[in-house]
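Here is a set of short exercises to work through with the model open beside you. Try each task before you read its solution.

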Amino acid sequence: MNVKTPTPLSPPQLTERRPTREAAEAAVRTLLRWAGDDPDREGLVDTPARVVRSYSQFFCGYEIDPDELLARTFEETDGYDEMVLLRDIRLESYCEHHMVPIIGRAHVAYLPHKRVVGISKLARVVDAYAKRLQIQEKLTAQIANTINEVLQPKGVAVVIEAAHQCMTTRGIHKPGVSMVTSRMLGAFRDDPTTRREFLAMISMGGTAARVADEA
Ligand SMILES: [Zn+2]
């Protein structure tokens, strides 16, 4: 097999092995028939095309290079060295076991070391990893590790609270349950005061109740 070296924006799953749009639409027709319906009836005729278009939004993260998002930083901070926290970032991801939504919120903090990044970039890093097939544990770690490696701050903290539709709408059917994961690096891991400050700041938002409401 001829395997080219993938560029950062074209991971292998999007190039060599990517099926055509027509093949993807045919697969959706198969699933519609598997569900017990007729893909040729009026209401479903355009559904395969719509589903495939939706997939390119749901999974747009594969085309984003998260490192690149953090490449531009600012060093004129007048010595600001306290925590930077982006709280309650809307999270939409997809369970890699069932391909159904994981909906919740992410909180991302870092302790700058000489430089800061535009705050919208933190939310974009969350999206870059969320808009893929995921498990919440890996998603949490990927966001924290990327910020840590690219920005090299004194510490990074990521907490995600989310409801998994594979648990709320199928299987054991437990609506209202949210899963909480966290990854603490550097000062957030080593210094209990910093960690406590972060946890106090995110709990001010009262997010757990809202996660349950929205999912
Ligand atoms: Zn699942």
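F58 is partly exposed, at a relative accessible area of 30%. Buried stands for under 20% relative accessible area, exposed for over 50%, and partly exposed for what lies in between (1.4 Å probe, protein chains only). Before you go on, note that this is a predicted model, where local features need pLDDT of at least 70, side-chain atom pairs count only at pLDDT 80 or more, and totals for chains, interfaces and linings use all residues. Residues are numbered from 1 along each chain as its sequence is written, and side-chain values use heavy atoms, with hydrogens and water left out.

**Exercise 1. Find the element that holds F58, then name the surface patch that F58 helps to make.**

Step 1: look in helix α2, residues 47–58, for F58. Helices (H or I, at least four residues) and strands (E, at least two) are DSSP runs, numbered from the N terminus.

Step 2: F58 joins Y55 and M99 in a nonpolar surface patch of about 260 Å². Patches take residues with over 30% relative accessible area and no salt bridge, joining like charges within 9 Å and nonpolar side chains (Val, Leu, Ile, Met, Phe, Trp, Tyr) within 5 Å. The areas come from the Shrake-Rupley method with a 1.4 Å probe, and for residues only the protein chains shown count as cover.

**Exercise 2. Describe how α4 and α5 pack.**

Step 1: place the two helices, α4 at residues 119–130 and α5 at residues 136–151.

Step 2: their axes are 9 Å apart and meet at an angle of about 135°. Axes here are lines fitted to C-alpha atoms, for helices over the stretch in contact, and angles run from 0 to 180 degrees between N-to-C directions.

Step 3: α4 and α5 are therefore oblique to each other. Under 35 degrees counts as roughly parallel, over 145 as roughly antiparallel, 65 to 115 as roughly perpendicular, and the rest as oblique.

Step 4: the crossing of α4 past α5 is right-handed. That is the clockwise case, while a crossing is left-handed if the near helix is turned anticlockwise from the far one by less than a right angle.

**Exercise 3. Inspect D78 and K114, and state the sign of phi for D78 and for K114.**

Step 1: D78 is not a glycine, yet its phi is positive, about 50°. D78 sits in the loop between β1 (73–74) and β2 (84–95), and its relative accessibility of 83% makes it exposed.

Step 2: K114 is not a glycine either, and its phi is positive at about 75°. You will find K114 in the loop between β3 (101–111) and β4 (116–117); with 65% relative accessibility, K114 is exposed.

**Exercise 4. How many salt bridges does a search of the whole structure find? Examine some of them.**

Step 1: the search finds six salt bridges. Each is a side-chain nitrogen of Lys or Arg within 4 Å of a carboxyl oxygen of Asp or Glu.

Step 2: one of them pairs D46 with R50, at 4.0 Å from N to O. D46 is partly exposed at 44%, and R50 is partly exposed at 43%.

Step 3: E92 and K131 form a salt bridge at 3.1 Å, N to O. This pair links distant parts of the chain, 39 residues apart, with E92 in strand β2 and K131 in the loop between α4 and β5 (133–134). E92 is partly exposed at 27%, whereas K131 is buried at 12%.

Step 4: between K138 and E96, the closest N and O atoms are 3.7 Å apart. K138 is in helix α5 and E96 in the loop between β2 and β3, so this salt bridge ties together parts 42 residues apart in sequence.

Step 5: now look for shared partners, which join R90, E92 and K131 into one network of salt bridges.

**Exercise 5. Which residue lies 8.1 Å from I202, C-alpha to C-alpha, although 114 residues away in sequence?**

Step 1: locate I202 in helix α8, residues 192–203. I202 is buried, with 7% relative accessible area.

Step 2: the residue is D88.

Step 3: for another such pair, try Q152 and H113, 39 residues apart in sequence and 7.1 Å apart in space, C-alpha to C-alpha. Q152 lies in the loop between α5 and β6 (155–164) and is exposed at 53%.
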